[in-house]
Amino acid sequence: MKTLNKINHQYFGIVLLMLCTIACKTEKKENNIIEVITRGMDFQTADTLKSGWNTFAYKNLSGEVHFFIMDKLPSDSIVESDIKDHLLPPFEDGLKFLIEEKTDSAMAAFGKIPAWFNDVKRYGGTGLISPGKTAVSSIHLEPGKYMMECYVKAVNGEWHTSHGMWKFITVVDETTNFSPDEANHTISVSSTDGYVFDAQPKLGKNKFKVEFIDQVPHEHFSGHDVNLVKYDASANIDSLVYWMNWMNPTGLRTPTPIGFTFLGGMNNCEGGKTGYFEVDLESGNYLLISETPKADEKGMLKTFVINDN
Ligand SMILES: [Cu+2]
């Protein structure tokens with residue numbers, strides 16, 4: 001009887017352990033998808049997030065291409081007026097001058113950007129995402145105050161940020177305890193070697209790990225990232241390379257060049273950091289490109305083909 005009880009106890013213990021393992025795994029995955037929706041020039045999502053790994057499903061239900069990036073602010077005391085009255089105006093003025101091709105005036109305007117903006121750290125986000133599509137990205141957040149933003153330009157050349165596409169998000173000092181599943185492919189990105197990516201993505205679900213070997217400001221004062229784009233026979237890749245530089249008058253501005261569908265990716269992270277994105281691929285032609293001037297010359301443009309089998 002004693003032996004039987006012992007066996008029963010052991011058996012019960014094992015079953016309990018298995019159930020807990022399954023429950024914990026399921027709980028981690030289900031609880032960790034943060035939904036973000038854009039219907040116009042907005043981000044509909046939570047105001048507060050846990051720190052650690054978070055997976056975002058960013059649904060673009062609007063008529064324009066967008067992305068989001070998480071900018072970690074250097075101080076929790078930065079408030080709405082610091083953004084609206086002091087940060088956005090020099091960006092707006094500078095952009096107007098650039099469109100008028102008055103480069104010196106543009107640089108003078110950008111010179112009025114508040115000094116604290118130099119201390120903003122980038123924690124990733126999604127790549128560009130076309131209307132009707134959902135971008136799925138996992139990023140690692142530290143506690144603090146963030147600004148979620150999209151700085152694509154509207155048809156009239158103004159920043160989406162100035163049309164309301166920014167939002168404060170507080171990341172609390174309590175972690176998700178979530179860690180992303182292993183990726184199928186790793187893309188390493190650096191200012192010296194561009195994209196190092198030798199894998200062949202497959203039909204169906206693919207998960208990409210993006211390793212930022214370094215991060216530097218390029219000619220557009222911003223860093224490098226990874227955007228996954230599908231393209232058809234009407235597409236001209238040179239027009240996309242031009243479009244991926246916001247400093248060009250029609251760059252990063254609606255409409256996008258024809259023949260391209262943006263499927264997400266990983267936005268700028270600091271050097272040494274890692275992010276993930278996942279995407280379901282059908283057959284066709286694809287490319288990975290950075291939102292950086294002359295991405296092709298920097299090795300930040302790679303094409304690949306997905307076949308039907
Ligand atoms: Cu936008």
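How far apart are the end C-alpha atoms of α2, and what should its 20 residues span at 1.5 Å a residue? The expected figure is 28 Å (1.5 Å times one less than the number of residues), and the end C-alpha atoms sit 27 Å apart, which agrees. This is a predicted model, where local features need pLDDT of at least 70, side-chain atom pairs count only at pLDDT 80 or more, and totals for chains, interfaces and linings use all residues. Residues are numbered from 1 along each chain as its sequence is written. Helices (H or I, at least four residues) and strands (E, at least two) are DSSP runs, numbered from the N terminus.

α2 does have a bend, about 40 degrees at Leu88, with Pro89 following within four residues; the bend is the angle between axes fitted to the seven residues ending there and the seven starting there. Leu87, Gly94, Leu95 and Leu98 of α2 are buried, meaning 20 or more other C-beta atoms, placed from the backbone, within 10 Å of a residue's own (12 or fewer is exposed, in between partly exposed). The cover over these buried residues includes α3.

Just after α2 comes Glu101, with a positive phi of about 60 degrees although this residue is not a glycine. Glu101 belongs to the loop between α2 (80–99) and α3 (103–110) and is exposed, with 9 other C-beta atoms within 10 Å.

Phe221, also not a glycine, has a positive phi near 65 degrees. Its place is the loop between β10 (204–212) and β11 (226–231), and Phe221 counts as exposed with 10 C-beta neighbours inside 10 Å.

As for the peptide bonds, the one from Thr254 to Pro255 is cis, with omega near 5 degrees. Pro255 lies in the loop between α4 (237–243) and β12 (260–266).

Conventions: Two residues are in contact if their C-beta atoms, placed from the backbone, lie within 7 Å.
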